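Student: Got a minute to go through this model with me? I'd like to start with the cysteines and wander from there.

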Amino acid sequence: MSVTLTICRRFFSTLKSSKLYPFSPLFSFQITNPRLCLCLFSSSAEDSDLPIPLIKRTRTRTPLETQFETWTQNLKPGFTPSDVHAALRAQSDPDLALDIFRWTAQQRNYKHNHLTYLTMIKILIDGRRYRHVETLVEEVMAGACDVSVPLYNSMIRFCCGRKFLFNRAFDVYKKMLKSNDCKPTLETYAMLFNSLLRRFNKQNVCYVYLHAVRSLIKQMKASGVIPDAFVLNMIIKAYAKCLEVEEAIRVFREMGLYGCEPNVYSYSYIVKGFCEKGRVGQGLGFYKEMKGKGLVPSGSTYMTLICSLAMERRFEDAIEVVFDMLGNSMSPDLLTYKTVLEGLCREGKSDEAFELIEEFRKRDGLMSQKTYNILLNALHIINQE
């Protein structure tokens with residue numbers, strides 16, 4: 001050891017007197033042994049025998065760890081699910097809440113119940129910790145706790161809102177059907193119908209999911225759940241989207257049996273269903289019935305009816321509906337205007353079309369100059385053909 005120290009001291013002495021001192025990057029290195037470091041830079045060999053003080057390093061706790069320890073200390077031995085429920089609700093940090101939830105589950109003589117699982121799921125959803133929510137859903141499905149209707153509905157709502165968990169929502173629903181004291185409620189069926197309808201985006205896909213809608217209707221009736229206007233309107237919409245207008249009318253007529261009155265949505269789905277089916281006259285009839293009750297159609301209902309009437313060459317009715325739409329502070333889109341005006345030109349009523357475009361411009365405060373120019377040019381082109 002003494003020979004090695006002597007060599008090292010001579011090396012550093014030579015380096016000190018050279019132009020390379022202070023150390024250049026070429027000769028820089030790190031000495032990790034504190035005793036060797038003290039020996040190298042000490043003036044005598046005796047200094048190397050000095051005791052090296054030991055420095056004890058302690059890791060500083062993060063605020064999250066401190067809060068976690070505080071809450072776990074506050075939960076007295078023998079705590080209940082109600083105590084854990086209160087502790088979870090007091091947390092603003094979802095990660096801290098999950099740590100407490102997991103820690104309590106590991107304690108002797110304690111088991112989470114439906115209330116603590118429901119609370120934890122809500123906290124994680126609010127905190128956008130969706131992966132953890134999926135884990136909790138799977139735990140409940142595996143029998144991790146006793147269940148309740150609010151817990152099941154919360155799981156279904158979460159699964160319906162996640163694209164890849166659509167089928168899992170129906171797994172939870174089937175578990176409810178088999179349960180003795182947690183049968184599906186009106187809220188359950190409303191969420192499932194709504195989830196199915198979001199997939200009715202294409203005509204050929206509608207028929208695939210229509211079977212599921214029919215099954216849900218039968219199961220809802222069998223379980224004695226009375227639908228409200230919201231659920232009935234979704235059923236009407238499902239039938240109308242699939243052009244099953246007779247079924248849609250049947251449900252429409254049955255609304256009174258459930259103590260519900262058809263509203264603007266009920267009529268709008270019926271009108272659009274008839275128009276898309278090609279039964280424009282019946283669609284117009286429901287539109288007039290709707291107006292007689294003081295209900296105002298949506299913009300899409302107006303435009304569907306206007307285009308359908310124009311394509312059936314019922315221009316007087318179409319123009320009347322356009323003026324009604326403008327009177328309700330709604331503006332048709334470019335396609336709707338073109339369908340009516342170009343249709344008039346092709347019927348040899350060019351003068352009426354040019355007069356009408358000026359009238360539309362006066363009444364439609366939202367019509368831009370660009371839209372007006374496009375319509376005008378289209379009429380001139382058709383007249384030149």
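Student: Okay, cysteine 260 first: buried or exposed?

Tutor: Cysteine 260 is buried, with a relative accessible area of 10%. Buried means under 20% relative accessible area, exposed is over 50%, and partly exposed is in between, using a 1.4 Å probe and protein chains only.

Student: And cysteine 182, buried or exposed?

Tutor: Cysteine 182 is buried, since its relative accessible area is 2%.

Student: How many disulfides turn up in the whole structure?

Tutor: The search finds 0 disulfides, where a disulfide is a pair of cysteine sulfur atoms within 2.5 Å.

Student: Before I go on, what are the ground rules here?

Tutor: This is a predicted model, so local features need pLDDT of at least 70 and side-chain atom pairs count only at pLDDT 80 or more, while totals for chains, interfaces and linings use all residues. Residues are numbered from 1 along each chain as its sequence is written, and side-chain values use heavy atoms, with hydrogens and water left out.

Student: Switching to empty space. How many cavities of 30 Å³ or more are there?

Tutor: The whole structure has 1 cavity of 30 Å³ or more, and the largest cavity holds about 30 Å³ of space. The search runs on a 1 Å grid over the protein atoms alone: a cavity is a set of points where a 1.4 Å probe fits but cannot get out, a pocket is an open set with protein on both sides within 12 Å along at least five of seven lines, and lining residues have an atom within 4 Å of a point. Grid points are joined across faces, edges and corners, and a volume is the space filled by probe spheres set on the points.

Student: Which residues line the largest cavity?

Tutor: Its lining is made up of Ala240, Val245, Ala248, Ile249, Tyr269, Ile270, Gly273 and Phe274. By class that is 7 nonpolar, 1 polar and no charged residues. Here Ala, Val, Leu, Ile, Met, Phe, Trp, Tyr, Cys and Pro count as nonpolar, Asp, Glu, Lys and Arg as charged, and the others, Gly among them, as polar.

Student: Which helix gives the most to that lining?

Tutor: H14 does, with 4 residues. Helix H13 (245–254) and helix H14 (264–277) each supply at least two. Helices (H or I, at least four residues) and strands (E, at least two) are DSSP runs numbered from the N terminus.

Student: What about the second largest pocket, how much space lies in it?

Tutor: About 220 Å³. Helix H9 (166–178) and helix H11 (203–222) are the elements that give two or more residues to its lining. Among the lining residues are Phe166, Tyr173, Lys174, Leu196, His211 and Gln219, and the lining divides into 6 nonpolar, 4 polar and 1 charged.

Student: Leu196 sits in H10, right? Which residues of H10 are buried?

Tutor: Leu196 is on the H10 list, and the buried ones are Thr188, Tyr189, Ala190, Met191, Leu192, Phe193, Ser195, Leu196 and Leu197. That makes 9 of its 12 residues, so H10 is mostly covered.

Student: What span should H10 have?

Tutor: At 1.5 Å a residue, the 12 residues of H10 (186–197) should span 16 Å, and the end C-alpha atoms are 16 Å apart, which agrees. The expected span is 1.5 Å times one less than the number of residues.

Student: Any odd backbone angles? What is phi at arginine 128?

Tutor: Phi of arginine 128 is near 60°, a positive value in a residue other than glycine. Arginine 128 is in the loop between helix H6 (114–126) and helix H7 (130–141) and is exposed, at 62% relative accessible area.

Student: And serine 329, where is that found?

Tutor: In the loop between helix H17 (315–327) and helix H18 (334–346). Serine 329 also has a positive phi of about 60° although it is not a glycine, and it counts as exposed at 65% relative accessibility.

Student: H18 came up there. What's the story with valine 340?

Tutor: Valine 340 is in helix H18 and is buried, with a relative accessible area of 1%. Valine 340 and methionine 311 are 29 residues apart in sequence and 8.2 Å apart in space, C-alpha to C-alpha. Methionine 311 lies in helix H16 (residues 299–311) and is exposed, at 65%.

Student: Last one: which residues does UniProt list for the PPR repeat?

Tutor: The unreviewed UniProt entry lists residues 148–184, 228–262, 263–297, 298–332 and 333–363 for "repeat: PPR". Positions are in the numbering used here, feature names are shortened, and annotations may be inferred rather than shown by experiment. Residues 228–262 are 66% helix and 0% strand, with end C-alpha atoms 11 Å apart.
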